[in-house]
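Biologist: Could you take me through this structure, please? I have not seen it before.
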Amino acid sequence: MMYKRSFWLVRRRVSTSLRGSGDAFVPIESRPTEWNDWMADARRVAENALQTGDVPVGALVVGPLGERLAEGWNTRERDADPCGHAEIQALRAAAQRLGSWRLEGCTVVVTLEPCAMCAGAMVLARIKRCVYGASDPKGGFLGSLGNLGEDARLNHRFLVVGGIEAEACAAQLRAFFRSLRRASKAARG
Ligand SMILES: [Zn+2]
């Protein structure tokens, strides 16, 4: 009985925050411009990945008061690490900085829609919101192939705001893959 009641309280608090915040599903055109600034910042962070031949994906963790807590970029090639995604790096750095794995009230800003691993890590970190740029129809799990952020079966849910500066974020990725193709063509002669 106690379990049931506390579960209901959690559910209620989450659904109230989803309904009350009012900023989750507003059309992109009328979004506050602050997310655009954070997204431009995340794209600059993504540039770090280029030095090691990694796909340029960048992420930030923004604290409850709008403070920039941490950044991360894709280091899969650099570290030979299948889990070296930008969001994981940023979540770890933010948790280290706060001295807690709970990132309540925090927002993750990332240039590409998170995969299932990263969306799952955001559930575990209890974040408040994820703001992403370009959609990933082949791997994204915050809207494209599923939505781990808004799955009522999980014990935590968070707000998902997709499509912020989507074109600029997609262009950054396209430029990277274009340069890869050029390099391999040149290598072949
Ligand atoms: Zn990921």
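Modeller: This is a predicted model. Let us begin with strand S4: 6 of its 6 residues are buried, so S4 is largely enclosed by the rest of the structure.

Biologist: Which strand runs parallel to S4, joined by 5 bridges?

Modeller: That is strand S3, residues 107-112. Within this pairing, Thr107 has Arg129 of S4 as its bridge partner.

Biologist: And how many bridges does S4 form with S5?

Modeller: S4 and S5 are joined by 3 bridges, again in the parallel sense. Here Arg129 stands opposite Leu159 of S5.

Biologist: Which helix belongs to the β-α-β unit with S3 and S4?

Modeller: Helix H5, residues 116-124, and the unit is right-handed.

Biologist: Now to the loop after S4. Where does Asp136 lie?

Modeller: Asp136 lies in the loop between strand S4 (129-134) and strand S5 (159-161).

Biologist: Why is Asp136 classed as partly exposed?

Modeller: Because 19 other C-beta atoms lie within 10 Å of Asp136, whereas a buried residue needs 20 or more.

Biologist: Which residues does Asp136 touch, leaving aside those up to four places away in sequence?

Modeller: Asp136 touches Leu112, Glu113 and Ser144. In addition, its C-alpha atom is 8.2 Å from that of Cys115, 21 residues away along the chain.

Biologist: Turning to the whole chain, how many helices and strands are there?

Modeller: The protein chain has 6 helices and 5 strands, arranged along the sequence as α-α-β-β-α-α-β-α-β-β-α. Of its 189 residues, 35% are buried.

Methods: Residues numbered from 1 in each chain as written. Predicted model: local features only at pLDDT ≥ 70, side-chain atom pairs only at ≥ 80, totals over all residues. Helix = DSSP H or I, 4+ residues; strand = E, 2+ residues; numbered from the N terminus. Buried ≥ 20, exposed ≤ 12 C-beta atoms within 10 Å, placed from the backbone. Contact = placed C-beta atoms within 7 Å. Pairing = 2+ DSSP bridges. Right-handed = clockwise from strand over helix to strand, strands pointing away.
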